[in-house]
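Visitor: Before we go through the structure, I would like to hear how each term is justified. Could you show me the model?

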Amino acid sequence: MSTRDTEILHAGEGVPSSATPITTPIYSATTFTFPNAAELEKFQQGTSTHYIYSRYANPTVQAAEAKLAAAEGGEAALVTGSGMAATSTALFGLLQAGDEVLCASSIYGGTVQVLTQFLDRFGVATRFVSMEALGDVGPHFGPETKVLWFETPTNPTLRCVDIASVAAACRAKGVISIVDNTFASPINQQPLALDADLVMHSATKFLNGHSDVTAGALVGSRAIIDRVTPARKLLGGILEPASAYALARGIKTLAVRVARHNANAQAVAEFLEQQKQVSRVFYPGLASHPDAAIARKQMSGFGGMVCFECAGGYEGAVRTFDRLKLFQRAASLGGVESLCSLPVLTSQYGLDDIQLAAAGVTRGMLRLSVGLESSTDLIDDLRQALV
Ligand SMILES: *Cc1c(COP(=O)(O)O)cnc(C)c1O
C-alpha cells in the first residue's frame, strides 16, 4: 500500500494507449522506463529501438528529424539546439588532429570562429578558398583535407556555388562536402541530390520560420549521420522537446511559406532594380545577378533574401533603414515578418575596407529578409523609405 503522497506523485503518468494524437506530442520526459532487465540489455546491444534518455534521442525530436530528412531527401537527420550546435557537432564528429578543413571564404561568421578559434586548438587547420577558386576546387585540396565547407547562396550578396561541381571534386578526392543550406531552404535547393555529403541548417531561420525557436540540423546518409551522432550525444547539443515540437510544426508549412517568400522577394528585387536611389540589387532570380545561371541550374526558387546598395552610400543606407515602417530593423532572417539589416553594422561589423572588399560588401548595402506580407505593402514601404 502506498501512502497518499506517493499516489499523487505517480497517478495519471505515462501515455494512454487509447489516445492517438494527430501530432507527435511534446515528450518532455528526460528519461524513459524499461519493463525489465532483458529489454534494457537489448537496448545496450543496439537491438531495441527503446528510448532511454532525452540527450541521446527523444520521440518529439525524432518527429522533427523525420520531417527534415524528408525535406532534404536524406536518409537521416539530427536536430540540435542551434545552427552553431549543428556546425560544431559535424566538425567535432568528423575531424581529428592533423586534418584540414577547406572552407569557402564567404561563410557565416560563427562558422569561421569555430574553425579558427576552437578547432585549431585541437590540431585541425583551416584554409580558406575564394568563391572563384571553388569554381575549380580540385587543385586546392591538400593531403590532409578531409572536409570542404561552403554555403550557397552566401550572405549578404547571394553569390551561388555550383554544388554538383564542388561535390564531384570532393567525391573524387574522398573529401566530405558540407553545405550550409540555411539561405535556400530545402524547398528551393537540395544539395544531397547534387551529391553533397552533409547538409547543415540554422533551423532558426526559414525551417522554423516564425522567429521564435533557436535550432539547427544536419541531414545526410545514414552512414554519415551515424558518424556525427556521438558528437551530438557527448557535446550535448540536442534540441529540447518543446522547441522540437515548434520546429516540426513550422516545417509543415515550409513549402507554402517559401513559395510566398520567393514570389515576394522577386517582386521586391525587380522593383528595387528600377529605382534611381538604388545602385545595385543582388538577387539570384534577377538576370543581372553574377550567378544567375548557377542559381537557375540548381535552385527551383531563389529565396526570400534580397540585398541592395544605396546610391547615397552609407548615409543613404542609414537614412533608408531608419525610414522603413513595415520592414523591421533586426538581424536574423527567414521569419514570416519582413526584416532589414545593415551588413556593416551586423554580419560584417568591424571589418576594414580590405576585408569588406574581399567579402564583396559595401557600406551602402542593406539586406532584406522578405516576409509573407503583401508584396504591394512591402514595395510601398521601400518606395517611401528610399531617399
Ligand atoms: C544564423 C546562421 C547560422 C547560425 O545558426 P544559429 O541558429 O544562429 O546558431 C549559420 N549559418 C547561416 C547561414 C546562418 O544564417
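Visitor: Which residues come nearest to the ligand?

Guide: Met84, Asp180, Ser202, Thr204 and Lys205 come nearest, out of the 14 residues around the ligand, where a residue counts as near if one of its heavy atoms lies within 4 Å. This is a predicted model, in which local features need pLDDT of at least 70 and side-chain atom pairs count only at pLDDT 80 or more, while totals for chains, interfaces and linings use all residues. Residues are numbered from 1 along each chain as its sequence is written, and side-chain values use heavy atoms, with hydrogens and water left out.

Visitor: What makes the pair between Asp180 and the ligand a polar contact?

Guide: A polar contact is a pair of N or O atoms within 3.5 Å, and a polar side-chain atom of Asp180 lies 2.7 Å from a nitrogen atom of the ligand, so the pair meets the definition. A polar side-chain atom of Thr204 likewise lies 2.7 Å from a ligand oxygen atom, and a polar backbone atom of Gly83 is 2.9 Å from an oxygen atom of the ligand.

Visitor: Why are β8 and β10 said to stand at the edges?

Guide: The open sheet of five strands runs β8-β9-β12-β11-β10, with mixed pairing, where strands are DSSP E runs of at least two residues, numbered from the N terminus, and two of them pair if DSSP finds at least two bridges between them. β8 (278-282) and β10 (328-329) each have a single partner strand, so one side of each is left without a neighbour in the sheet.

Visitor: How do you know that β10 and β11 pair?

Guide: DSSP must find at least two bridges, and β10 and β11 (residues 339-341) have two, in the parallel sense, so they qualify as paired.

Notes
Polar contact = N/O pair within 3.5 Å; in protein donor to acceptor, adjacent residues only side chain to side chain. Helix = DSSP H or I, 4+ residues; strand = E, 2+ residues; numbered from the N terminus.
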